[in-house]
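Hi,

Here's the structure I promised to pass on. Have a look at it first, then read my notes underneath.

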Amino acid sequence: MGQLVKDFINGLWNENPIFRMVIGICSSLAVTTAAQNGVAMGLALTFVLTCSSVLVSLLRSIIPDKVRIPCYIIVIATFTTVVDLTMKAYFPSLYEVMGIFIPLIVVNCIVLARAEAFASKVGPIRAVADALGMGLGYAWAITLISIIREIFGSGTLFGVKVLGESFTQWVIMLLPPGAFLVMGILVGVMNMIARKTASH
Amino acid sequence: MNEYMRMIVVLTVISIVAGAALAFTYEATNPKIQEQERQALEQAVMNVIPGTEKMETVEKDGMTFYIGMDGQGNKKGIAFKTTGSGFSGPIEIMVGYDPKEGKLTGIEILSMSETPGLGAKIKEPSFTDQFKGKSVNDEFAPKKDVQVITGATISPTAVANAIKTSLDKVTEIYPVGGDY
Amino acid sequence: MLKDLAFLVVGTVLVNNFVFARFLGQCPFLGVSSKLETSIGMGMATTFVLTMTAVAAYFIQYYILEPFGLSAFLQIVSFILVIASLVQLVEMIVLKISPTMYNAFGIYLPLITTNCIVLAVALLIPQKGYNFIESIVFGLSAGLGFTLALILMAGIREDLEFADVPEALRGPAIVFLTAGLLAMIFLGFTGLVPL
Amino acid sequence: MANTIITSILSMGGLGLAMGAGLVLASKKFAVETDPRVDSVLEALPGANCGACGYPGCGGLARAIVDGKAPVNACLVGGEAVAKKVAKIMGVSDVGAAGDRKVARVLCQGGKEEAKFKAEYTGVKSCRAASMVNSGPKACPFACIGFGDCEKVCPVGAITMGEKGLPVIDEEKCTGCGLCVKECPKMVISLSPEKNEVHVRCRATMKGKDTRDACKVGCIACKQCEKVCPFDAIHVVNNVAVIDYEKCRNCMKCVEKCPTKAITSAFAKRKKAVINDTCIGCTICAKNCPVNAISGEVKKKHEVNAELCIGCSICAEKCPKGAIAMVRSEGDIKTSSCNACAEV
């Protein structure tokens with residue numbers, strides 16, 4: 001049990017994919033113009049990551065080494081398409097905003113990396129713990145980014161106005177440079193926090 | 001079974017299973033997706049032709065028209081899609097047109113990728129409402145009879161031009177005052 | 001016709017640069033942009049794979065998926081399967097045929113499977129309805145745009161080494177900030193060509 | 001419905017078959033011999049080819065690790081677990097690699113001359129036996145007894161009993177097995193990383209005055225080392241100075257200051273910074289030097305004042321061009337535990 005908790009916590013902070021390992025950032029930059037998108041993307045990725053981790057973990061002894069990458073990627077692509085179709089059917093407005101970034105979960109390094117580095121080496125239960133940790137670690141990170149960008153960029157949070165009328169919206173926050181700048185500052189802050197906690 | 005055979009078999013089997021699984025998901029979600037798309041389209045038509053309760057799709061001269069009708073089946077106007085070339089990508093517009101009066105009944109921006117906070121304001125009613133009741137013979141010239149947005153001229157111009165160009169063609173198919 | 005292709009190239013390389021405007025290919029962009037030499041090799045390999053992908057995607061889309069009406073749900077899976085396998089194939093072939101070529105750019109090939117630009121290019125081709133020639137040009141210019149971003153960044157990062165960067169910002173953080181400034185510059189290209 | 005499923009199965013199956021066959025053919029036809037270690041490192045790596053390590057994919061990193069160009073923990077994605085596996089393949093003892101080799105060191109300098117005896121011991125010549133009699137013959141209860149139990153237990157002959165009646169450890173031969181540490185009844189031998197050059201060679205926790213009475217070279221807890229350390233790396237805890245090796249940079253300032261010479265290092269071999277011609281004059285080194293030993297104008301080659309330089313290596317680490325080398329004053333040879341030269 002302790003091992004499972006450890007696997008889970010690992011992704012949330014120690015090896016947080018966005019802030020600590022800095023992988024899988026394409027989507028975290030592109031869709032984070034509004035907090036709602038951040039949450040949706042985070043959950044979508046967590047779903048794909050968890051499902052594919054379980055399957056990869058179950059299939060790990062069957063798949064021959066040389067074709068493992070194509071095999072894993074098919075598994076991941078299948079779950080991604082499931083998410084893609086489901087979102088199209090039930091959340092069309094969200095789907096429109098996320099556009100091409102839902103299909104691109106397939107090539108999000110986090111998914112394939114965890115499949116390869118973790119799920120393909122341990123049993124399904126530990127794989128789930130790790131995938132959930134990584135997925136939620138990714139989710140909170142991109143939600144944070146999107147909250148910052150939404151508040152400064154549109155003066156709203158989850159679509160509700162939080163900054164007064166007199167606030168001039170920082171359009172740059174919604175544009176590509178804003179994404180990079182927020183990301184850079186956040187990674188810096190996380191580095192600082194990590195160093196502080198490490199020295200204690 | 002040697003290793004090479006296994007490689008081929010495993011990859012093929014996984015592909016087949018993936019294909020089958022996706023086909024099932026698609027069959028399960030497809031009706032819902034079609035329904036959503038239809039609803040979105042209907043909603044857009046209702047927005048650009050006030051008083052519409054049901055619509056009919058008509059193909060004419062290579063263009064698709066949506067004829068809006070009220071509850072009694074009286075025709076309230078026709079709607080069609082047009083695309084303009086915006087600042088950072090295509091802008092898709094739904095235009096409502098009343099041939100009897102020769103006037104626009106409203107427009108809606110269906111999709112665009114303009115700069116948030118600037119060009120993206122073309123989506124807001126403050127911009128789109130000015131097209132309501134405009135005559136098809138108007139000039140559609142930015143800064144003259146079309147109000148532009150401060151800090152963004154290209155996006156409104158693109159919308160105005162796209163509407164004007166498409167109207168030229170549409171008024172040939174459905175002339176002003178004619179039946180439809 | 002030629003004018004449209006030119007617009008497509010400029011639009012893809014500068015205006016909608018895959019790295020700075022569409023946020024794709026960030027992982028290799030951050031990872032491989034530390035040295036000018038490697039970034040050139042990586043750029044070359046990516047451009048090659050992207051062009052190849054564009055061709056493959058075109059054929060799968062219009063000769064397999066479209067005729068059978070499968071494009072709505074098999075696009076992602078079939079594209080990625082073919083891309084992953086093709087890349088692995090090309091790598092093996094290059095390694096065997098010419099070790100020098102392999103060292104120059106072949107070693108970057110496996111890195112490219114998970115470069116989201118590749119899948120994005122494949123998916124955008126049917127979405128935008130490009131014809132065969134346009135698809136190739138699109139793939140090629142996507143690669144060139146990525147190469148440009150990599151080389152710019154590598155050039156800056158080589159000089160950045162002389163700077164006394166605050167400790168917390170070292171590593172990826174300062175690269176993001178620099179990329180932010182570059183992205184601002186690339187914003188200036190918007191509206192350059194009709195899209 | 002059935003039609004969609006059949007066509008999708010057929011197309012995906014066809015694609016899968018074609019690609020699988022292609023890969024099989026290629027791996028048969030184009031098989032190339034590689035360093036087996038590269039393969040096993042590659043095996044241990046995540047294989048996602050994300051490029052976050054700065055190398056072209058996992059294959060590139062595997063080659064770099066085998067060639068010694070990259071550290072075993074270079075893979076960010078794999079984290080500690082992968083680093084451990086790679087370290088095992090590469091035969092590196094710990095994740096941190098080379099500089100962390102551990103060697104045994106004697107933490108007592110109270111030889112026949114320096115330490116007072118409270119009694120004469122004439123029993124069995126064994127430290128363990130002697131320590132049972134009123135905790136040994138020397139006045140200091142922490143002192144090395146000097147019968148060489150450690151010398152006898154050392155499997156590689158790295159320990160010899162010196163003239164002072166204290167063990168001398170040959171750090172070249174020491175394998176860090178820790179047998180001597182276990183054997184010593186007084187626990188005055190400890191294992192520490194080879195790169196740590198400064199040591200407090202006294203464990204006496206009596207009050208300063210008592211230590212001074214018992215031994216000439218004991219730590220008397222005067223705290224002068226604490227004050228002189230530029231890096232806050234040494235503190236008197238429980239009446240004895242303790243070095244925090246996370247912070248210690250082997251600058252040897254405390255060694256200079258220590259009134260009883262209880263802190264030692266190969267002082268004569270203190271490193272000095274030397275700036276070569278690739279210096280571009282960025283002034284980063286001068287700004288970071290804790291003792292202001294570097295001077296120079298912007299964009300001109302900087303100079304090190306060898307008198308002031310304490311060899312802390314901060315400048316070498318900060319230098320963006322790698323233009324600063326840390327050179328040991330008397331040739332670049334390894335330090336040893338020989339106390340004689342430490343006192344030169």
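Below is what I found in chains B and D.

One thing to keep in mind: this is a predicted model, not an experimental one.

Let's start with chain B. Strand β1, residues 54-60, is joined to strand β2, residues 63-69, by 7 bridges, and the two run antiparallel. One of the pairings to look for is Lys60(B), whose bridge partner in β2(B) is Met63(B). Together β1(B) and β2(B) make a hairpin, with 2 residues between the strands. Click on Asp61(B) in that turn and check its backbone: phi is positive there, at about 50 degrees.

Now over to chain D. Its secondary structure comes to 13 helices and 12 strands. The chain has 344 residues, and 42% of them count as buried. If you take the contacts in chain D with a separation of 6 or more, 60% of them are between residues 24 or more positions apart.

I also picked out a single residue to follow, Asn288(D). You'll find Asn288(D) in helix α11 of chain D, which covers residues 284-288. Is Asn288(D) buried or exposed? Somewhere in between: 15 other C-beta atoms lie within 10 Å, and a residue needs 20 or more to be buried and 12 or fewer to be exposed, so Asn288(D) is partly exposed.

What does Asn288(D) touch, leaving out residues up to four places away in sequence? The answer is Ile314(D), Cys315(D) and Lys318(D). Take Cys315(D): it sits 27 residues from Asn288(D) in sequence, yet their C-alpha atoms are 6.5 Å apart in space.

Cheers

How values were computed
Residues numbered from 1 in each chain as written. Chains lettered and ligands numbered in written order. Predicted model: local features only at pLDDT ≥ 70, side-chain atom pairs only at ≥ 80, totals over all residues. Pairing = 2+ DSSP bridges. Helix = DSSP H or I, 4+ residues; strand = E, 2+ residues; numbered from the N terminus. Contact = placed C-beta atoms within 7 Å.
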